[in-house]
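Thank you all for coming; I would like to walk you through one model this morning, going helix by helix. Please have the sequence and the structure in view as I talk.

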Amino acid sequence: MALVLAYGLVLLISVSLSGLAARTVLSTALMFLVAGAALGPGGFGVDTITATDTIVTVLADLALFTVLFTDGQRASLPALRESWKLSGRALGLGMPLTMVGIAVPAHFLLGLDWITAFLIGAVLSPTDPVFASALVGRSDVPLRLRRLLNVESGLNDGLALPFVLIFLATARHEDSQLGEVVLELVLGLVFGAAIAAAVALLWRMHLFTAEPQLQPLGPTAIAVVVYATCHLTHANPYLAAFAAGSTLATLDPLAAESFEAFGDLVSELTKFAALLVFGALITPERLSHLSWVEWLLPILAIVLVRPAAMLLSLLWTPLPARERLTAAWFGPKGFASVVYGLLVLQSGIPNSERVFDIVAATIALSIVLHSTTDVPVAKVLRVEPPDDLPSATTPRDRELPG
C-alpha cells in the first residue's frame, strides 16, 4: 500500500507541475522514474520490488497495450496509406539497421556471442513515442512527422517480438518455432482487426446506441476483450492493440474521437504506474557494476545507432532536413524493451542478468534524454508550448452551475 500512496502523491505532484513541464525540460515521465528509484531497494526501501515480480511484467504489458491501442486510433487506414512510404522505410530499413547497429558493438565491445548480441539489438530496436509527447501529441507539429513516429512505434513493438523469441530460443539451444511465432503475429492482427470491426459494424445498427456519457467506454470494452483474447490464445497483444485501434478509427471515427481524451488519460495512468515500478529496479547496485564499456553501448545505441539508421532509411524522401533529424533523434526505448528485457531475465540464458542490466541502463538513459528534449525540439520545429493553461487564479471558460 505504501507504493500505492507513493503513486498517488507523485501523480498529484506531476499533475500540479504539468503546466511547467509543458514549457520546460521538466518531464513527468522522468519524475515517476526518479520517484521509483528513490522509493525502491536502492533508495529509501519503501518497496522491495524485484525484476522477477509479476507486477513488473503485468504493468509494463498493460502500459504498452494501452499506449498502442490509443495510438492506433490516431492511425486510421487512410492515414496509414498516406504515411506508409515513410513509415515503411522506418520499419523495413531503419529497424533492421538499428538491430544490427546495436549487435555489432555488443559483440566486439562487450565480447558477447553473436546470438546474445543480436538479442540485445532486437530488445532495443522498438521505439516508444510516449516520451516524445510534446511532438506526437500536438496537432501543430507537422502531420507527416507525427504519423511517421506514431506508426513506426505502433508496429515495431510487435515486429521485434519474433526476433526476440527466436534469439532467446537459439541461446537456450531450443527450436525457435518460427511457424508458431508467425502464427501469433498473424492472430494478433486478425483478432485486433476482427473484434474492432465486428463491434463497429454492430454499432451502426439502430438497436445499439450509447448515451454520450458512456460512449468512451465502448472502445475501452473493445480493448479489454482484445487484451483478454490475446492472452488466452497466445496471440500477439501489441499488434492486436494497434490493429484494433486503427480499425476502429477507420470504421467508426466518431467512436475513436469520443474515446481519445479518455484513452489518453488511461494511457498516462498505466504509463506512470509502470515507470514508477520500473524506476524501483534502477538501483545503484544494478547499474554501478556496469563498466564504462558496458555504459558505452547504451550511449551508442541512443546517440549514434538510432539516428544513423533512421537518417539512412529516410534518404531521398520529401521530408525537410529538420524533420528528418527530429525523427532520427526521437527513437526512445520504452515499454516494449522493458517487457522483452524481462523475458530475457526470466529465461535463465547465460548472461541474462548482464543483458537485462544493459537494457535497463539504455531505457533509463533514453527516458532522461528523450523526455527532457521533446519541448526544446518542438521549439526548433517552431511549435510553441501551450500558453492557455488555466491556473488557480484564472477562471475557466465555463459556466458555473446555478
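Let me begin with helix 9, whose buried residues are covered by parts that include helix 8 (143–171), helix 10 (217–233) and helix 11 (237–251), where helices are DSSP runs of H or I of at least four residues, numbered from the N terminus, and contact means heavy atoms within 4.5 Å. Before going further, I should say that this is a predicted model, in which local features need pLDDT of at least 70 and side-chain atom pairs count only at pLDDT 80 or more, while totals for chains, interfaces and linings use all residues. Residues are numbered from 1 along each chain as its sequence is written, and side-chain values use heavy atoms, with hydrogens and water left out.

The buried residues of helix 9, meaning those under 20% relative accessible area with a 1.4 Å probe and protein chains only, include Val181, Glu184, Leu185, Gly188 and Gly192.

Turning to helix 11, we find Ser246 there, and this residue is buried, with a relative accessible area of 8%. Leaving aside residues up to four places away in sequence, Ser246 touches Gly72, Gln73, Ala75, Ser76, Leu77 and Leu80.

Finally, the axes of helix 5 (residues 77–108) and helix 8, which are lines fitted to C-alpha atoms over the stretch in contact, with angles from 0 to 180 degrees between N-to-C directions, come within 8 Å and cross at roughly 45 degrees. The contact is made by residues including Trp84 and Met95 of helix 5 and Phe163 and Phe167 of helix 8.

How values were computed: Buried means under 20% relative accessible area, exposed over 50%, partly exposed in between (1.4 Å probe, protein chains only). Helices (H or I, at least four residues) and strands (E, at least two) are DSSP runs, numbered from the N terminus.
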